[in-house]
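Reader: Hi! I'm new to reading protein models. Could you walk me through this one?

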Amino acid sequence: MIDFLELIKYKKNNKFYNSKEINFIVQSYLNDHIDEQNMTLWLKEIYEYGMNIDETVLYTESIINSGEKIEFDSLDGYVIDKHSTGGVGDKVSLILGPILVACGCFVPMVVGRHLGHTGGTLDKLESIPGYNGLINLDKFKKIVKKVGISIIGQTSEICPADRKIYSLRDKTNTIASLPLICGSIMSKKISEGIHGLVLDIKYGNGAFLETKKDGQRLGKLLSLIGKKFNVDVKYLGTNMNQPLGNFSGLNCEVIESIDCLKGRGADDLMDVVFELGRVACSLAKIDNSKQKMIDVINNGKAYEIFEKMVYEHGGDINRIHCNYTDCIDIKANESGSIEFIDTKKIGDAVNYINKLKGTRDNSSGAEFLKKNNDKVSKGDVILRLFSNDLNTLKLRERLVRESYIIK
């Protein structure tokens with residue numbers, strides 16, 4: 001008989017978990033044989049002492065085995081996904097996914113919601129009227145086969161243990177544990193039945209990871225785990241010391257993504273899209289990738305795929321709008337050049353104004369009119385906060401003003 005309280009002490013005593021013990025922990029919590037209080041003790045031990053690579057692989061495998069694993073046997077093409085660790089204004093998945101499909105790949109994508117200061121891809125998609133991101137796996141597979149891409153949230157069929165554990169990690173401030181992060185990310189991605197995975201590891205004052213070194217450490221660990229499960233993983237680091245693109249929010253990010261797919265994307269955003277796309281295409285053995293990506297944007301194929309995906313999920317792309325009633329312009333109080341020093345505060349402000357009297361305000365967000373090193377004169381608008389409630393904006397104006405300096 002395994003004693004859970006003894007397992008909690010393992011890491012403190014420099015002991016290592018075997019497969020049976022990891023499975024016991026994961027399955028016991030999933031099936032309510034361990035309560036939240038005791039599971040929190042285990043999470044805090046892992047947060048404090050970590051797990052080695054073998055234990056992390058076992059943990060990932062146990063999470064995968066708690067649900068169903070998708071298999072794509074009849075797809076004539078490379079099956080790939082892209083994952084980002086998140087940053088303010090990061091809507092790359094909405095843009096890159098359809099581009100990769102137009103270049104010949106298949107992209108099954110399971111994404112998150114409510115991801116701290118960055119928001120989640122599912123939140124953005126669900127701001128599209130009618131979009132259903134919680135379809136069953138049979139429909140998910142059919143859409144991938146028909147359109148080439150489907151983007152859904154984590155359902156009860158995929159890694160249910162991760163769903164439950166992640167919720168507790170969120171409540172107990174144990175999110176930033178490297179082994180638990182790796183298990184959470186890779187279990188869902190491996191369960192998608194992919195051949196390859198491109199990771200966008202964000203670092204900087206607008207990301208969860210502060211330094212490039214932290215990002216490299218995570219990227220290497222995720223790559224090692226992927227190799228153990230025969231998934232080819234490549235990673236890139238993206239500096240997030242400022243917002244990415246021109247908008248952060250819900251509908252506004254979807255609209256910006258559509259603009260990118262129509263060839264009207266901001267340079268900093270498209271640089272990230274094309275670089276990740278280059279790596280993805282190299283995994284899929286697609287040559288001349290930069291030109292092919294540009295071609296599928298210019299000829300409309302990438303946008304058409306996004307439109308079809310939204311339709312198959314019940315969404316109405318013609319009803320996407322960003323009609324807000326109130327805004328506050330954040331203006332420079334002196335002349336000089338801009339530097340964002342705490343971009344997370346913008347993300348926190350945007351997440352706050354997204355909530356309107358207990359509901360979600362899909363038309364709220366922020367527009368960035370200046371970026372790092374841009375010259376400004378006193379009175380120039382640096383960024384604009386907008387929503388359907390002026391009082392909500394006023395409550396977060398000061399927070400946004402603390403996110404930058406003028407040098």
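Author: Happy to! Let's begin with Asn230, which counts as exposed because its relative accessibility is 71%, over the 50% cut-off. Keep in mind that this is a predicted model.

Reader: Okay! Where is the place of Asn230?

Author: Asn230 sits in the loop between α10 (212-228) and β5 (232-239). Its phi is near 60°, a positive value in a residue other than glycine.

Reader: And what about Asn14, is that one buried or exposed?

Author: Asn14 counts as exposed, because its relative accessibility is 65%. Phi of Asn14 is near 60° too, again positive in a residue that is not glycine. You'll find Asn14 in the loop between α1 (4-8) and α2 (19-30).

Reader: Cool. Now the inside, please! How many residues has the largest nonpolar core?

Author: That core has 109 residues, and Trp42, Ile99 and Phe306 have the most contacts inside it. Helix α12 gives the largest share of this core, with ten residues.

Reader: Which residues is Phe306 in contact with, leaving aside its neighbours in sequence?

Author: If we skip neighbours within four places in sequence, Phe306 contacts Leu94, Pro98, Leu125, Ile128, Val254, Ile258, Leu261 and Ile317. Apart from the largest core lies another one of 20 residues, including Ala332, Ile353, Ile382 and Leu383.

Reader: Why would nonpolar side chains be buried together?

Author: I can only give you the general pattern: in soluble globular proteins, nonpolar side chains tend to be buried together.

Reader: Fair enough! Let's pick a strand residue. Is Leu199 buried or exposed?

Author: Leu199 is buried, because its relative accessible area is 0%. It is found in strand β4 (residues 196-203). Not counting residues up to four places away in sequence, Leu199 touches His83, Leu222, Val233, Lys234, Tyr235, Leu236 and Leu276.

Reader: And what separates Leu199 from Ser19?

Author: Their C-alpha atoms are separated by 27 Å, and the two residues are 180 residues apart along the chain.

Reader: What about Cys252 and Gly365?

Author: Along the chain, Cys252 and Gly365 are 113 residues apart, while their C-alpha atoms are separated by 6.9 Å. Gly365 is one of the residues that Cys252 touches, along with Phe247, Cys322, Ser364 and Phe386, when residues up to four places away in sequence are not counted. Cys252 is found in helix α11 (residues 251-261), and it counts as buried because its relative accessibility is 4%.

Reader: Great, on to helices! At what angle do α12 and α13 pack?

Author: Helix α12 (residues 267-283) packs against helix α13 (residues 289-298) at about 120°, and their axes are 9 Å apart. That angle makes α12 oblique to α13. The crossing is right-handed.

Reader: Which residues meet there?

Author: From α12 come Met270, Phe274, Gly277, Arg278 and Cys281, and they meet Ser289, Lys290, Met293, Ile294 and Ile297 in α13. By class, this contact has six nonpolar, two polar and two charged residues.

Reader: One last pair: is the crossing of α8 and α9 left-handed or right-handed?

Author: The crossing of α8 and α9 is left-handed. Helix α8 (residues 160-171) and helix α9 (residues 178-191) pack at about 145°, with axes 11 Å apart. Asp162, Tyr166 and Arg169 in α8 meet Leu180, Ile181, Ser184, Ser187 and Lys188 in α9. Those residues divide into three nonpolar, two polar and three charged.

Reader: Thanks, that helps a lot!

Conventions:
Residues are numbered from 1 along each chain as its sequence is written. This is a predicted model: local features need pLDDT of at least 70, side-chain atom pairs count only at pLDDT 80 or more; totals for chains, interfaces and linings use all residues. Side-chain values use heavy atoms; hydrogens and water are left out. Axes are lines fitted to C-alpha atoms, for helices over the stretch in contact, and angles run from 0 to 180 degrees between N-to-C directions. Helices (H or I, at least four residues) and strands (E, at least two) are DSSP runs, numbered from the N terminus. Angles under 35 degrees count as roughly parallel, over 145 as roughly antiparallel, 65 to 115 as roughly perpendicular and the rest as oblique. A crossing is left-handed if the near helix is turned anticlockwise from the far one by less than a right angle, and right-handed if clockwise. Contact means heavy atoms within 4.5 Å. Ala, Val, Leu, Ile, Met, Phe, Trp, Tyr, Cys and Pro count as nonpolar, Asp, Glu, Lys and Arg as charged, and the others, Gly among them, as polar. A nonpolar core is a set of buried Ala, Val, Leu, Ile, Met, Phe, Trp, Tyr and Cys residues joined through side-chain atoms within 4.5 Å. Buried means under 20% relative accessible area, exposed over 50%, partly exposed in between (1.4 Å probe, protein chains only).
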